[in-house]
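Reader: I would be grateful for a close look at a single part of this structure, namely the packing of the helices against one another. Please set that part in the context of the remaining architecture.

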Amino acid sequence: MAAAAPHSLLLQKPNPGTAAFTNPLPLTPTAHLATKPLRPLSIKCAATTHQIQDPPHAAQPRPQDRVFNFAAGPATLPENVLLRAQSELYNWRGCGMSVMEMSHRGKEFSSIIQKAESDLRALLEIPADYAVLFLQGGATSQFAAVPLNLCSPDDPVDYIVTGSWGDKAFKEAQKYCKPNLIWSGKSEKYTKIPSFGDLQQNPEAKYLHICANETIHGVEFKDYPVPKNKGGILVADMSSNFCSKPVDVSKFGIIYAGAQKNVGPSGVTIVIVRKDLLGNAQGITPVMFDYKIHADNNSLYNTPPCYGIYMCGLVFEDLLEQGGLREVEQKNQRKAEILYRAIDESKGFYRCPVEKSVRSLMNVPFTLEKSELEAEFIKEVAKEKMVQLKGHRSVGGMRASIYNAMPLAGVEKLVAFMKDFQARNA
Ligand SMILES: Cc1ncc(COP(=O)(O)O)c(C=O)c1O
């Protein structure tokens with residue numbers, strides 16, 4: 001057995017009684033007060049008749065093998081998760097096949113999806129009256145699925161638009177209901193979040209929609225507006241800050257997120273929906289968009305994105321092993337703090353346009369005062385093995401996405417480069 005590096009225990013076969021089998025995070029909202037560690041569900045291959053072997057240990061990658069990937073999504077994944085997936089790719093826990101080859105209705109995959117759901121519930125302390133769905137179609141599909149499931153065609157709904165993704169959601173909803181734009185940050189180039197007291201919410205609205213973190217503009221809700229609609233329903237696109245910090249799920253009717261930023265590969269879309277909202281989809285709703293059908297079938301109505309769900313499960317397990325979302329949030333705060341400080345202390349050489357109080361912990365957009373140097377910045381930084389720092393094509397400049405899996409060392413290296421670049425070009 002290799003010496004224990006951080007998280008290397010995840011590479012071992014779970015073995016009751018070892019540290020790898022204990023879970024420091026609560027499974028219930030109050031359990032974190034208890035001292036007894038909770039055990040995550042264990043997964044075993046049901047089909048195998050021979051002894052389960054330890055997965056072969058992949059060689060630890062040398063640091064030079066990997067870049068620091070600041071992409072906005074698909075994005076960097078935790079190295080220990082990738083290594084574990086590598087070690088299990090060919091023969092999952094001795095069952096003689098890969099997760100990619102398993103029946104989605106077999107015992108092995110059932111245990112994988114159940115554990116993924118149970119670990120996600122533990123991480124976010126998801127109340128029992130919420131369904132967790134593992135779907136496909138990206139967060140973009142949810143722009144249509146949300147109104148289709150919650151509204152009739154003539155129903156009013158409220159949208160707050162703080163960036164491009166919220167805008168896309170608002171426009172898509174126009175096909176399925178009567179959305180009202182109650183606040184838009186467009187005229188201020190999406191650098192702000194509104195003050196909630198000023199919002200004119202429609203009490204007849206079926207829901208209030210927000211994008212909790214605008215991936216392109218780097219604007220993040222730090223608190224959430226209280227919905228004033230009769231049902232008290234707040235819907236949030238959390239694609240780019242999902243599982244980056246604790247969230248009180250009970251404040252929301254629906255939370256949805258594409259997995260490919262913080263919790264897995266692209267291809268998985270997670271929907272957390274309050275159960276009393278199920279069962280009212282418009283007649284035209286395709287079965288693939290009907291939350292009730294997926295909830296009734298435990299996300300197995302049709303073939304789900306099995307391998308992606310397995311990968312999400314490994315990420316959830318890793319987040320639990322790290323101590324849960326409070327720990328994760330602290331790490332994210334630290335990373336964001338040193339990057340924003342470097343920008344703010346650059347005497348205008350670098351600038352972040354976003355209002356300080358609502359700057360995203362996940363996506364940090366910045367520009368250079370001398371914009372003609374931006375191409376050179378991107379070229380030079382890539383030579384230092386820091387990639388995908390170009391800003392979104394719609395806004396330009398630079399953007400560093402520093403999701404959960406971006407190590408502090410990656411941000412420190414970027415900050416050191418930024419200071420050096422400034423010293424050479426100021
Ligand atoms: C906040 C947000 N919402 C929605 C989307 C669209 O997600 P998808 O490409 O999975 O449909 C993205 C993609 O980057 C996003 O960042």
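Author: The account below begins with the helix packing and then turns to the sheets, the ligand shell and two backbone details.

The model is a predicted one. Two packed helices are described by the angle between their axes and the distance between the axes. Helix α6, residues 306-321, takes part in two such packings, one with helix α1 (residues 79-88) and one with helix α2 (residues 107-124).

For α1 and α6, the angle is about 135° and the axes are 10 Å apart. Angles over 145 degrees would count as roughly antiparallel and those from 65 to 115 degrees as roughly perpendicular, so α1 is oblique to α6. The crossing in which α1 passes α6 is right-handed. On the α1 side the contact involves Asn80, Val81, Arg84 and Ala85, which meet Met311, Leu314, Val315 and Asp318 in α6. By class, five residues of this contact are nonpolar, one is polar and two are charged.

For α2 and α6, the angle is about 40° and the axes lie 9 Å apart. Since angles under 35 degrees count as roughly parallel, α2 and α6 are therefore oblique to each other. Their crossing is left-handed. From α2, the contact draws on Phe109, Ile112, Ile113, Lys115, Ala116, Asp119, Leu120, Ala122 and Leu123. The residues supplied by α6 are Cys306, Ile309, Tyr310, Cys312, Gly313, Phe316, Glu317, Leu319 and Leu320. This contact of α2 with α6 comprises 14 nonpolar residues, one polar residue and three charged ones.

A further helix packs on a sheet. That open sheet has three strands in the order β11-β12-β14, with antiparallel pairing. Strands β11 (350-351) and β14 (398-401) stand at its edges with a single partner strand each, so one side of each has no neighbour in the sheet. Two bridges link β11 to β12 (residues 363-368), and Tyr350 stands opposite Leu368 in β12. Helix α7, residues 325-344, packs on this sheet and touches β11, β12 and β14, its direction making about 15° with that of β12.

There is also an open sheet of seven strands, ordered β2-β10-β9-β8-β5-β3-β4, in which the pairing is mixed. Its edge strands, β2 (130-135) and β4 (178-184), each pair on one side only. From one strand to the next, the twist averages 15°. Six bridges connect β2 with the antiparallel strand β10 (residues 269-274), and Val132 has Ile272 as its bridge partner in β10.

The ligand is surrounded by residues that include Gly73, Trp165, Cys211, Asp237 and Gly258. Helix α3, residues 138-150, gives the most to this shell, contributing three residues. Within the shell, three residues are nonpolar, seven are polar and one is charged.

Two features of the backbone complete the description. Gly73, one of the residues around the ligand, is joined to Pro74 by a cis peptide bond with omega near -5°. Pro74 lies in the loop between β1 (68-69) and α1. Tyr190 has a phi near 55°, a positive value in a residue other than glycine, and is found in the loop between β4 and β5 (208-211).

Conventions:
Residues are numbered from 1 along each chain as its sequence is written. This is a predicted model: local features need pLDDT of at least 70, side-chain atom pairs count only at pLDDT 80 or more; totals for chains, interfaces and linings use all residues. A residue is near a molecule or strand if its C-beta atom, placed from the backbone, lies within 6 Å of it. Helices (H or I, at least four residues) and strands (E, at least two) are DSSP runs, numbered from the N terminus. Ala, Val, Leu, Ile, Met, Phe, Trp, Tyr, Cys and Pro count as nonpolar, Asp, Glu, Lys and Arg as charged, and the others, Gly among them, as polar. Two strands pair if DSSP finds at least two bridges between them. Two residues are in contact if their C-beta atoms, placed from the backbone, lie within 7 Å. Axes are lines fitted to C-alpha atoms, for helices over the stretch in contact, and angles run from 0 to 180 degrees between N-to-C directions. A crossing is left-handed if the near helix is turned anticlockwise from the far one by less than a right angle, and right-handed if clockwise.
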